[in-house]
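Colleague: Got a minute to walk me through this model? I'd like to go from the domains down to the ligand.

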Amino acid sequence: MQMVAPPDNDVLWARGLHHAHGATVALTGVSLGVREGEILAVTGPRGSGKTTLLKCLSGQLVPTEGEVLFDRAPVHTLSSPSRERLRLERFGWIDTEPHLVPELTVWENTALPLLLRGTGHRAAKHTAIEWLERLDVGMCARRRPARLEQSQRQRVAIARALVSTPQVLFADEPTAPLHSADGIQVLRTLTTAARSHHITVVLATYDPQVAAQADRTVSLLDGRLSGAVPEDTGASDEESRAACSLSV
Ligand SMILES: Nc1ncnc2c1ncn2[C@@H]1O[C@H](COP(=O)(O)OP(=O)(O)OP(=O)(O)O)[C@@H](O)[C@H]1O
């Protein structure tokens, strides 16, 4: 494979990603760059490879082929403990389901990433409550997750992902289980918080209304990216910059 350097402003950069789950091919030759501070939507129908791409970019999965760079340093060649540390220290993850610990209160759930990093109890609690307030669930801080509505639980999961102000936040269909109005509101809160803290977001979604909240969208179909702007079409500056960061 020809070596190509990532552009300076790409915080994440992937080239020639292939991945198969057993006999099922999920990604086939995906290359893309994610710019510092942008909110990038990865769209595509169910089974098109969105989750697999996010997992490869975040170091949860090592691609069968291809390379992933974070801050210009390889992720795909790191040992499993180093990838785990990278995820804990630099990345946040929001899943479709909130996956909160039922025995812990809302603020304890939210503070977990800080406590795991070694932040003191008082400081972790203070920061967790600040994030819960930003996400309009500050009043739930002392409750257990079972006493919350689904949209409140998802807001808590978002607060937990943001509490350590990750460099990159990965969100995999974060609003899929919510009613449409709830989902859009939760997503607005997420994107506003990410923008004000300069957090890069990679957001997988099949919902065009959700993708419309992003700065840029790339589409996956059958494990391939589509919609790259060819370089010689006389595209605008903005389009040309997008094309620099996206190739199939
Ligand atoms: N753990 C797994 N084992 C076997 N096949 C898998 C596994 N995970 C994903 N796949 C398959 O890989 C392909 C891509 O799946 P992936 O979950 O990445 O797509 P997706 O676009 O996120 O879809 P969805 O919206 O349904 O989650 C699909 O054909 C899927 O069935």
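Colleague: Sure, start broad: which domains does the domain assignment give for the protein chain?

Modeller: Keep in mind that this is a predicted model. The assignment builds one domain from two separate stretches, 1-78 + 215-248, and calls that domain 1. The other one, covering 98-197, is domain 2.

Colleague: And which elements give two or more residues to the side of domain 1 that touches domain 2?

Modeller: Six residues of domain 1 are in contact with six of domain 2. On the domain 1 side, the classes are four nonpolar, two polar and no charged residues. The elements giving two or more residues there are β1 (10-21) and α1 (50-57).

Colleague: What about α3 and α4: how are they oriented to each other, parallel or oblique?

Modeller: Helix α3 (residues 106-116) packs on helix α4 (residues 121-134) with the axes 8 Å apart. The angle is about 120 degrees, and the crossing is right-handed. Angles of 65 to 115 degrees would count as roughly perpendicular. With about 120 degrees, α3 is therefore oblique to α4.

Colleague: Which residues of α3 meet α4?

Modeller: By class, the contact has 10 nonpolar, two polar and one charged residue. The α4 side includes Lys125, Ile129 and Trp131. From α3 come Val106, Trp107, Thr110, Ala111, Leu114 and Leu115.

Colleague: Last one: which element gives the largest share of the shell around the ligand?

Modeller: There are 13 residues around the ligand, with His21, Ala26, Lys50, Thr51 and Thr52 the closest. The shell has two nonpolar, nine polar and two charged residues. Both β2 (24-35) and α1 give two or more residues. The largest share, three residues, comes from α1.

Technical notes:
Residues numbered from 1 in each chain as written. Predicted model: local features only at pLDDT ≥ 70, side-chain atom pairs only at ≥ 80, totals over all residues. Axes fitted to C-alpha atoms, helices over the stretch in contact; angles between N-to-C directions. Helix = DSSP H or I, 4+ residues; strand = E, 2+ residues; numbered from the N terminus. Parallel < 35°, antiparallel > 145°, perpendicular 65-115°, else oblique. Left-handed = near helix turned anticlockwise from the far one by under 90°. Contact = placed C-beta atoms within 7 Å. Nonpolar A, V, L, I, M, F, W, Y, C, P; charged D, E, K, R; others polar. Domains from an automatic or database assignment. Near = placed C-beta within 6 Å.
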